[in-house]
Structures are given as structure tokens and as C-alpha cells.
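Please open the model in your viewer and keep the selection panel at hand. The tour moves from one selection to the next and says at each stop what is there.

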Amino acid sequence: MPLVALRGVSKRFGNGTLAVRDVDLDLAAGEFVSLLGPSGCGKSTLLRMIAGLGAPSAGTIAWPGRDEKATGPGRDLGFVFQDPTLMPWANALANVMLPLTLQRLPRAEAEQRAAAMLALVGLKGFETSYPRELSGGMKMRVSIARALVMRPRILLMDEPFAALDEITRHRLNDDLLALWAQERFTAVFVTHSVFESVYLSQRIVVMAARPGRIIADLPVAAAYPRD
Ligand code: ADP
Ligand code: ADP
């Protein structure tokens, strides 16, 4: 049973743009999938619809495995945007605590979980640093920690490393993979980098533009097995 099942999903915006056309896609629990395609092919639009940010104009997005009573849409899902979008007036720990605070978790427990998540993304010792004191890569790590602190089953990432220099990006790729191997969330990674998609994913879903649609769905894990 897939975690998420899209059937005949299309999106036409109010201005007439058909951004996504007739997408069928199953995402299995625990897999690492890249959505690869040129700028403007509808990757973000598709990812946002999976996240519940913007309804499809046609088709359905189902979560077959989800216990509808126990969880709201936000809880099972973490979203990482290209821009880390941290609160500038709050330190790294407080930024990561935000989703827990919104769920009214006791402060001590929220602090402890946020600190553990910061350590997991390699930011032990930076709890009291403010976003302006952190590099672009570190801000992205905070953003990933914030998205994962609720322990979502699926992490949706929209070109998260696109603004970073290549070396930082490579380190983040490695650390994201290690995190995924350890935590086993389902990862959906939007990118226009062929390298990144092959390096990170078990599976690459290729999209083409005008209108945005899936043209290939490739298993890549077997091509470059990890030791
Ligand atoms: P919807 O029909 O889903 O409500 P709209 O066409 O009203 O979508 O646009 C929603 C938002 O996206 C608006 O704030 C608009 O300014 C912005 N927007 C419009 N065109 C584009 C575009 N080509 N790319 C990105 N954002 C856009
Ligand atoms: P990608 O993430 O692959 O770069 P997008 O999903 O952002 O592509 O955009 C797909 C297409 O939909 C583009 O032509 C874009 O201009 C258009 N688009 C995106 N958002 C909106 C919007 N809110 N309103 C109108 N058109 C949009």
C-alpha cells in the first residue's frame, strides 16, 4: 500500500496556466524519490499539492495508510523550502521548537526534542545562535531540523540546496542521506540537478514542461548501489 497515491492530478492556475497535467504517482513508505525536471515544469506545484498547499483542479491525492482520526495533514508531513525561512528574532533552538510549541508540547520536552534534532543535523553547539550568525548551509540544516522535529512520515523538499555553494551542497547531500538512512522517513526531493537526483535517490521521477507532466520514472538505486 503506497503512502501517497496521486491519480490524474492536474493543476490549472487562475490565470489559465496548466502547470501540471494528469499525473499518476505512488510514493512508497521509506523511499527516497527525486522529482527532476527543468525550471517551470511544475515540480513545485506538484510538491505543494502533495503537501496540501493548493488543491488539484482535477484528480485525487490519497493517503491510503493514514489513520485519519489520529493525524491532521500537518503532522505526517515536513516541508523544506528553497529559502530556509527561519524566524530572524529567534535562535536556532527556538526555530526548531516552533512546530512543537504550536502542538502545545511542554516546554522542557520541546527543548529536549529540538536540541536532539539540531544535534542530528550536525548543529550541536549552535542552539543559541541566531539565523544571521549562521551560514547558508547551517540555516538550511536548521530548516531541515524544524521540518523533521515532529517526526513526519514524509519530508518534502523543494530545491533545498539550490542557493548553496557546491561543496556545502555536497556535504548536505551526504548528511541528508545519512539522516534518511537513520530515520527512514519518505523523502521527496525536487531538483533540476541530474547529479543530485542520481546521487540522492533510489528513484527519479522525470517531468517535462508545458504542460508539466511525468515522462519517466526510473529506478536508480541499482545503478549506483551504496556500500
Ligand atoms: P489560484 O488560481 O490557484 O488562486 P492565482 O493565479 O490566483 O492562483 O495565483 C496565486 C498567487 O501566485 C498570486 O499571488 C500570484 O501573484 C502568484 N503567481 C501568479 N502567476 C505566477 C507565476 N507565473 N509564477 C509564480 N507565481 C505566480
Ligand atoms: P518548477 O517548480 O518546476 O520550476 P512550478 O511548479 O513553479 O515549476 O511552475 C510550473 C508552471 O506554473 C510555470 O509555468 C509557472 O510560471 C506556473 N505557476 C506557478 N505558480 C503559479 C501561480 N500561482 N499562478 C500561475 N502560474 C503559476
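The stops below take the ligands, then the helix pairs, then two places in the loops.

Before selecting anything, bear in mind that this is a predicted model, and that the values quoted along the way are computed from it.

**Ligand 2**

Select ligand 2 together with the residues around it, which are Phe13, Asn15, Thr17, Ala19, Pro38, Ser39, Gly40, Cys41, Gly42, Lys43, Ser44 and Thr45. Colouring this shell by residue class gives four nonpolar residues, seven polar ones and one charged one. If you then show the secondary structure, you will find that helix α1, residues 43-50, supplies the largest share of the shell, namely three residues.

Which atoms of ligand 2 should be picked for its contact with Gly40? Pick an oxygen atom of the ligand, from which a backbone N or O atom of Gly40 lies 2.7 Å away. Moving along to Gly42, you can draw a distance of 3.0 Å between a polar backbone atom of this residue and an oxygen atom of ligand 2. At Ser44 the side chain is the part to display, for one of its polar atoms lies 2.8 Å from an oxygen atom of ligand 2. Switching to a surface view, ligand 2 taken alone exposes 550 Å², of which the protein buries 61%.

**Ligand 1**

Next, select ligand 1, around which you will find Lys11, Phe13, Gly14 and Asn15. This shell divides into one nonpolar residue, two polar residues and one charged residue. Zoom in on Gly14, where a polar backbone atom is 2.6 Å from an oxygen atom of ligand 1. On its own ligand 1 has 570 Å² of accessible area, and the protein covers 23% of this. Phe13 and Asn15 deserve a label here, since each is listed around ligand 1 and again around ligand 2.

**The helix pairs**

Now hide the ligands and show helix α2, residues 92-102, with helix α3, residues 107-120, whose axes come within 8 Å and cross at roughly 120 degrees. That angle makes α2 oblique to α3, and the crossing of the two is right-handed.

Keep α2 on display and replace α3 by α4, so that you can follow axes that come within 7 Å and cross at roughly 30 degrees. Because angles under 35 degrees count as roughly parallel, α2 is described as roughly parallel to α4. Here α2 passes α4 in a right-handed crossing.

From α4, residues 136-148, go on to α5, residues 166-183, where the axes come within 11 Å and the crossing angle is roughly 20 degrees. With that angle, α4 is roughly parallel to α5, and their crossing is right-handed.

**Two places in the loops**

Leaving α5, select Arg184, which is found in the loop between α5 and β7 (186-191). What is the sign of phi at Arg184, positive or negative? Phi is positive, about 60 degrees, although Arg184 is not a glycine.

For the last stop, select Pro211 in the loop between β8 (203-208) and β9 (213-219), and show the backbone from the residue before it. The peptide bond from Arg210 to Pro211 is cis, with omega near -10 degrees. Both of these stops are worth a look because most residues other than glycine have a negative phi, and most peptide bonds are trans.

Notes: Residues are numbered from 1 along each chain as its sequence is written. Chains are lettered from A and ligands numbered from 1 in the order in which they are written. This is a predicted model: local features need pLDDT of at least 70, side-chain atom pairs count only at pLDDT 80 or more; totals for chains, interfaces and linings use all residues. Side-chain values use heavy atoms; hydrogens and water are left out. A residue is near a molecule or strand if one of its heavy atoms lies within 4 Å of it. A polar contact is a pair of N or O atoms within 3.5 Å; within protein, one must be able to donate a hydrogen and the other to accept it, and residues adjacent in sequence count only if both atoms are side-chain atoms. Accessible areas come from the Shrake-Rupley method with a 1.4 Å probe; for residues, only the protein chains shown count as cover. Helices (H or I, at least four residues) and strands (E, at least two) are DSSP runs, numbered from the N terminus. Ala, Val, Leu, Ile, Met, Phe, Trp, Tyr, Cys and Pro count as nonpolar, Asp, Glu, Lys and Arg as charged, and the others, Gly among them, as polar. Axes are lines fitted to C-alpha atoms, for helices over the stretch in contact, and angles run from 0 to 180 degrees between N-to-C directions. Angles under 35 degrees count as roughly parallel, over 145 as roughly antiparallel, 65 to 115 as roughly perpendicular and the rest as oblique. A crossing is left-handed if the near helix is turned anticlockwise from the far one by less than a right angle, and right-handed if clockwise.
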